[in-house]
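Reader: I am beginning to study protein models and should like to go through one by question and answer. May we look at the structure together?

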Amino acid sequence: MLTKYVLQEMPLLTSLFFIFGVFIIYEILFDGVKSVLSLKEINIESGILKAQLGIMYLFILLFGLQALVVNHQATWIFINFQIVALIFCAVFLDAPVNYPIFIPIVLAFMIFNSAIFYWESWCFALTLFLFYYSLKYIKKKRTNPFPFIYYMLDGLFFGTILWSLARIKFSLNGTTIFQQVSYLIVFEIFVYSYIGFFIRDVRVKHTLYEFAHLDALTHVKNFAAFDNDIHALFNQHQSNDINVAMIMFDIDHFKSINDHYGHLVGDKVLQQVADITQTVINANDGNIRFYRTGGEEFNVILPNYKLSEIDSITQEIFTAINNSQFKFNNQNVDVSVSVGSSEIRENDLNSDEFYSRVDDALYQSKRNGRMRITKS
């Protein structure tokens with residue numbers, strides 16, 4: 001009895017629970033698909049997966065709901081949910097405006113509802129498209145990370161137009177239109193609040209991740225990130241037989257630089273060395289990964305590279321650093337690096353053996369007089 005009362009007498013509350021459930025189910029679905037793809041080692045960028053999966057999910061859901069009322073008089077009953085779905089796509093999924101996909105979906109929906117011969121339906125479809133475009137425009141142009149008020153006003157404006165068209169087509173009375181627009185305002189507040197909270201949560205997690213995995217001084221990845229990546233790549237080598245090479249280098253006589261010029265200059269040297277190395281990497285291959293793994297020690301991991309294929313990149317990094325001018329406070333600082341390199345071998349039992357071999361190559365360069373490259 002209580003359930004029946006809630007469903008019949010409290011449609012706003014049940015609608016809010018329904019929308020909340022739609023969001024939660026999508027999050028569960030997304031995490032599940034992402035986990036399966038990760039286990040199968042299929043790499044799809046999270047943003048692309050999120051948008052594609054979300055569009056398919058809403059497409060099926062919208063057609064499924066509309067099938068419940070397709071031959072009934074109240075086919076307008078899910079208009080507010082269509083508006084919410086559009087907000088979900090534009091703001092939460094950040095799906096691009098794709099005209100070739102948008103048009104056939106709208107036409108299929110109109111044919112499904114036997115609405116293709118009504119001028120109001122065409123105006124309705126055009127208004128939905130303009131609403132979607134306006135949401136994307138707001139997201140792109142506003143400097144505020146989440147312009148809640150602009151989204152609300154935009155939704156109210158287009159929602160009023162859509163319900164005005166529904167009033168003409170379905171001969172709805174003013175009371176029904178006022179009620180539905182009022183419901184839409186509540187839905188918007190709920191949906192935008194949920195999305196805003198989600199975006200803030202993602203931003204906080206991203207900040208914490210960067211704090212944990214980025215070196216604060218040089219702004220390259222730190223040892224924690226290196227340790228995660230080297231283990232993951234070693235596992236990929238074992239399962240998929242991918243090649244992985246590594247370059248390790250450190251700054252020669254760095255303690256003397258700190259003692260003679262001061263630690264502030266030493267920090268500047270580390271920053272400039274990191275900038276030079278990153279510039280060389282960016283000019284070669286964006287998939288190469290760069291880390292500061294110790295005080296003056298740096299590592300470069302090269303996925304899908306054999307040792308014989310990294311000579312030019314190793315030489316570029318070596319030459320660029322050793323030939324650069326390091327000048328701070330009108331003082332010229334002599335900076336050179338020693339380098340070691342190797343690759344994962346079939347007889348390596350774990351990533352530590354790989355790391356130790358690269359480390360040994362680096363120290364071989366140091367024992368042989370520094371400012372040289374040793375391959376192992």
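**Cysteines, helices and a pocket**

Author: A search of the whole structure finds zero disulfides, a disulfide being a pair of cysteine sulfur atoms within 2.5 Å. The model is predicted, so local features need pLDDT of at least 70 and side-chain atom pairs pLDDT 80 or more, while totals for chains, interfaces and linings use all residues. Residues are numbered from 1 along each chain as its sequence is written, and side-chain values use heavy atoms, without hydrogens and water.

Reader: Is cysteine 89 buried or exposed?

Author: Buried means under 20% relative accessible area, exposed means over 50%, and partly exposed lies in between (1.4 Å probe, protein chains only). Cysteine 89 has a relative accessibility of 13%. Cysteine 89 therefore counts as buried.

Reader: Which class does cysteine 123 belong to, at 30% relative accessibility?

Author: The value for cysteine 123 is 30%. Because this value lies between the two cut-offs, cysteine 123 counts as partly exposed.

Reader: What percentage of residues 177–199 is helix?

Author: The UniProt annotation "transmembrane region", from an unreviewed entry, includes residues 177–199; such positions are given in the numbering used here, feature names are shortened, and annotations may be inferred rather than shown by experiment. Helices (H or I, at least four residues) and strands (E, at least two) are DSSP runs, numbered from the N terminus. Over residues 177–199 the end C-alpha atoms are 32 Å apart, strand is 0% and helix is 100%.

Reader: What is the relative accessible area of serine 365?

Author: Serine 365 is found in helix α13. Its contacts beyond four places in sequence (heavy atoms within 4.5 Å) include Ser338, Val339 and Ile373. Serine 365 is buried, because its relative accessible area is 0%.

Reader: How far does the backbone oxygen of arginine 372 lie from a polar atom of the side chain of serine 365?

Author: Arginine 372 is among the residues in contact with serine 365. The distance from the backbone oxygen of arginine 372 to a polar atom of the serine 365 side chain is 3.3 Å.

Reader: Where is arginine 357 found, and what is its relative accessible area?

Author: Helix α13, residues 351–367, holds arginine 357. Among the residues that arginine 357 touches, beyond four places in sequence, are Glu343 and Asp348. Arginine 357 is buried, with a relative accessible area of 11%.

Note on methods: Polar contact = N/O pair within 3.5 Å; in protein donor to acceptor, adjacent residues only side chain to side chain.
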